[in-house]
Structures are given as C-alpha cells and as structure tokens.
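Hi everyone, thanks for coming. I'd like to walk you through a structure today, so have a look at the screen and we'll take it piece by piece.

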Amino acid sequence: MPKYTFKCEDVGMNCGFEIVNSGSQDELLEMLKVHAKQSHGLTSIPSDMINKIKQNIKTSGHYSFSCASVGMNCGFEIVNSASEDELLSELAIHAKMSHNMTSIPQDTLNKIKQNIKET
Ligand SMILES: [Zn+2]
Ligand SMILES: [Zn+2]
C-alpha cells in the first residue's frame, strides 16, 4: 500500500513540520487539521489551501509492470516507478520503440492497468 508524506515547507510554511508515511490521505489531512490549529492558529483549513496541500502530498507507493503479464514475451519490466502515470508514460515509450505501437489501444491499456502491481 502507498504511504503519504507531506511537509509544511512545500506549501510555503517554514515551521519544519512533516508527516511521513501516513497510511492514507484522509489520515494525513486529519492530522494536518490538528497541526494547522495548534501551530498555525487556523481553526479550519481554507479549501484552496487543502487543494494546495493535496497537490503536495507525496506518495511512496511503487508501481511495477512486466510485458509478460499481458502476453508479450520481450522480457521488458518496469520496477518501482513512483506513480501509475509515470509508469504509463514510460511504457508508452517502450510500446512505441519496441512494439511499434504509436499509441496503446484502449483494451490493451485496460489490460496493462489491471496488471500493474502496486507495492
Ligand atoms: Zn506547519
Ligand atoms: Zn515489451
């Protein structure tokens, strides 16, 4: 399961506060509400700030994929990509250069997504 990390510094606060490897985004936001109140005197976090916070939450999940899982025997694997988006972008390059696919068809893409391993 991915873990969620946030630093106040990333949204321009210099307090040094960090939450590292929280179990979920909700958990992290709940703790952040306590911190915002106790340390920043905010009784509630404005929604634009929440959005900014969400954009700056880092996930530590790792995404892996091997072509073999969708029946391609080229031996290609991507291991521990930082996000599903990153993995799919990398895979698009491999599909183009090694499988001569200018774009990945939707049904293949669905099959790929089902076979992405999240750790
Ligand atoms: Zn802070
Ligand atoms: Zn391949």
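**Around alanine 36**

Let's begin with one residue. If we set aside its neighbours within four places in sequence, alanine 36 is in contact with Leu42 and Ile45. Please keep in mind that what you see is a predicted model.

Now, which residues make up the largest nonpolar core? Alanine 36 turns up again here: the five residues are Ala36, Leu32, Leu28, Phe6 and Tyr4. Two elements, helix 1 and strand 1, each give two or more residues to this core. Helix 1 provides the largest share, with three residues.

So how is helix 1 placed? Spanning residues 25-40, helix 1 lies across strand 1 and strand 2. Relative to strand 2, helix 1 runs at about 155 degrees.

Let's turn to the strands themselves. Three of them form an open sheet in the order 2-1-3, and the pairing is antiparallel. Which strands are at the edges? Those are strand 2, residues 18-22, and strand 3, residues 58-59, and each of them pairs on one side only. Strand 1, residues 4-7, pairs with strand 2 over three bridges, in the antiparallel sense. If you'd like a spot to find on the screen, look for tyrosine 4, which stands opposite serine 22 in strand 2. Tyrosine 4 is also one of the five core residues we met a moment ago.

Finally, let's zoom out. The domain assignment splits the chain into domain 1, covering 4-59, and domain 2, covering 63-118. How far apart are the C-alpha centres of the two domains? They lie 33 Å apart.

Note on methods: Residues are numbered from 1 along each chain as its sequence is written. Chains are lettered from A and ligands numbered from 1 in the order in which they are written. This is a predicted model: local features need pLDDT of at least 70, side-chain atom pairs count only at pLDDT 80 or more; totals for chains, interfaces and linings use all residues. Two strands pair if DSSP finds at least two bridges between them. Helices (H or I, at least four residues) and strands (E, at least two) are DSSP runs, numbered from the N terminus. Two residues are in contact if their C-beta atoms, placed from the backbone, lie within 7 Å. Axes are lines fitted to C-alpha atoms, for helices over the stretch in contact, and angles run from 0 to 180 degrees between N-to-C directions. A nonpolar core is a set of buried Ala, Val, Leu, Ile, Met, Phe, Trp, Tyr and Cys residues joined through C-beta atoms within 7 Å. A residue is buried if 20 or more other C-beta atoms lie within 10 Å of its own, exposed if 12 or fewer, and partly exposed in between; C-beta atoms are placed from the backbone. Domain bounds come from an automatic or database domain assignment.
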